[in-house]
Amino acid sequence: MTDDAAGGAKYVAIITDGNGRWAQARDLPVAEGHKAGADAVKARLRDAAEFGIRELTVYSFSTENWARPAEEVTALMRMFSQRILSETPELKDEGVRMRFIGRRDRVAGVLQEQMDWAEAETAANDRITLFVAFNYGGRAEIVDAAARFQGGSEEDFRALLYAPDMHDPDLVIRTSGEQRMSNYLLWQSAYSELVFRDELWPDFSRDAFRAALDEYDVRARRFGGR
């Protein structure tokens with residue numbers, strides 16, 4: 001397989017875990033870990049586009065992350081805002097379409113406006129879609145959809161999810177050695193293949209990404225059949 005082909009995986013989601021431990025291991029403030037993690041997202045997004053992946057979803061901030069120390073949450077929000085403003089024009093030029101999924105409550109109005117702006121700026125791009133799960137929880141997504149569901153089929157229910165146009169991930173990758181879903185894409189990942197990597201997220205390299213895709217490629221997906 002060539003390095004610029006993704007094989008069978010076209011829709012990939014990543015639980016980007018380990019920023020805090022990465023910083024702690026280097027005696028750095030946790031904010032530096034999140035900065036390194038954001039750099040890794042940008043680098044792996046470019047890899048994903050080169051690998052032929054059509055959609056990449058990353059877990060940026062969960063509904064449970066509000067319970068972290070206020071200083072860390074404030075730093076994360078500030079960094080998120082700065083990254084949107086500085087990187088959106090660059091991503092637009094590279095053919096990336098940006099989408100944000102999650103609840104918008106508790107998110108500052110200015111940041112919501114920046115998210116809307118980034119989505120509008122990149123709406124016409126079609127090389128790869130980056131879904132950023134921000135203030136996101138899989139259970140919250142299902143509860144929010146169920147509150148509006150008037151009955152019908154699974155497809156009718158799917159239409160009420162945060163991003164009904166998102167494809168179910170072929171592959172979900174989690175870094176840092178932890179082996180759980182952590183409330184991530186619970187509806188969409190019902191039949192996703194799972195790959196767990198030991199690297200902390202900032203250390204998740206192009207080669208590690210390639211290895212996870214290669215592991216996916218040798219699996220047989222039966223979707224409940226034989």
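**View 1. A look into the largest cavity of this predicted model.** The volume of the largest cavity comes to about 30 Å³, and the structure holds 1 cavity of 30 Å³ or more. Around it sit Leu-45, Arg-46, Ala-49, Glu-94, Val-96, Arg-127 and Ile-128. Helix α2 chips in the largest share of that lining, with 3 residues. If you're thinking about the chemistry of the wall, the lining splits into 4 nonpolar and 3 charged residues, with no polar ones.

**View 2. The largest pocket, seen at its centre.** Here we're looking at a volume of about 870 Å³. The lining of the largest pocket runs to 39 residues, and the ones nearest its centre are Thr-16, Asn-19, Tyr-59, Ser-60 and Phe-61. By residue class, the lining of this pocket breaks down as 19 nonpolar, 10 polar and 10 charged.

**View 3. Who builds the wall of the largest pocket?** Quite a few elements have a hand in it: α1 (19–25), α2 (30–51), β2, α3, β3 and β4 each put at least two residues into the lining of the largest pocket. Which element gives the largest share? That's α3, with 8 residues.

**View 4. Helix α3 laid over the strands.** The same α3 spans residues 70–93 and lies across β2, β3 and β4. Relative to β3, helix α3 runs at about 155°. All four of these elements, α3 and the three strands, turn up again in the lining of the largest pocket, each with at least two residues.

**View 5. The open sheet and its two edges.** Now for the sheet: 6 strands, parallel in their pairing, lined up as β3-β4-β2-β1-β5-β6. Why do β3 (96–101) and β6 (193–196) each have one side left without a neighbour in the sheet? Both stand at the edges with a single partner strand, so there's no neighbour on the other side. From one strand to the next, the twist averages 20°. As a reminder of what holds such an arrangement together, strands of a sheet pair through backbone hydrogen bonds, either parallel or antiparallel.

**View 6. Zooming in on the β2 and β4 pair.** Strand β2 covers residues 55–62 and strand β4 covers residues 128–136. These two pair in the parallel sense over 7 bridges. For a handy landmark, find Glu-55: Thr-129 in β4 stands opposite. Both strands also feed the lining of the largest pocket, with at least two residues each, and Tyr-59, Ser-60 and Phe-61 are among the lining residues nearest the pocket's centre.

Note on methods:
Residues are numbered from 1 along each chain as its sequence is written. This is a predicted model: local features need pLDDT of at least 70, side-chain atom pairs count only at pLDDT 80 or more; totals for chains, interfaces and linings use all residues. Side-chain values use heavy atoms; hydrogens and water are left out. Two strands pair if DSSP finds at least two bridges between them. Helices (H or I, at least four residues) and strands (E, at least two) are DSSP runs, numbered from the N terminus. Axes are lines fitted to C-alpha atoms, for helices over the stretch in contact, and angles run from 0 to 180 degrees between N-to-C directions. Contact means heavy atoms within 4.5 Å. On a 1 Å grid over the protein atoms alone, a cavity is a set of points where a 1.4 Å probe fits but cannot get out, and a pocket is an open set with protein on both sides within 12 Å along at least five of seven lines; lining residues have an atom within 4 Å of a point. Grid points are joined across faces, edges and corners, and a volume is the space filled by probe spheres set on the points. Ala, Val, Leu, Ile, Met, Phe, Trp, Tyr, Cys and Pro count as nonpolar, Asp, Glu, Lys and Arg as charged, and the others, Gly among them, as polar.
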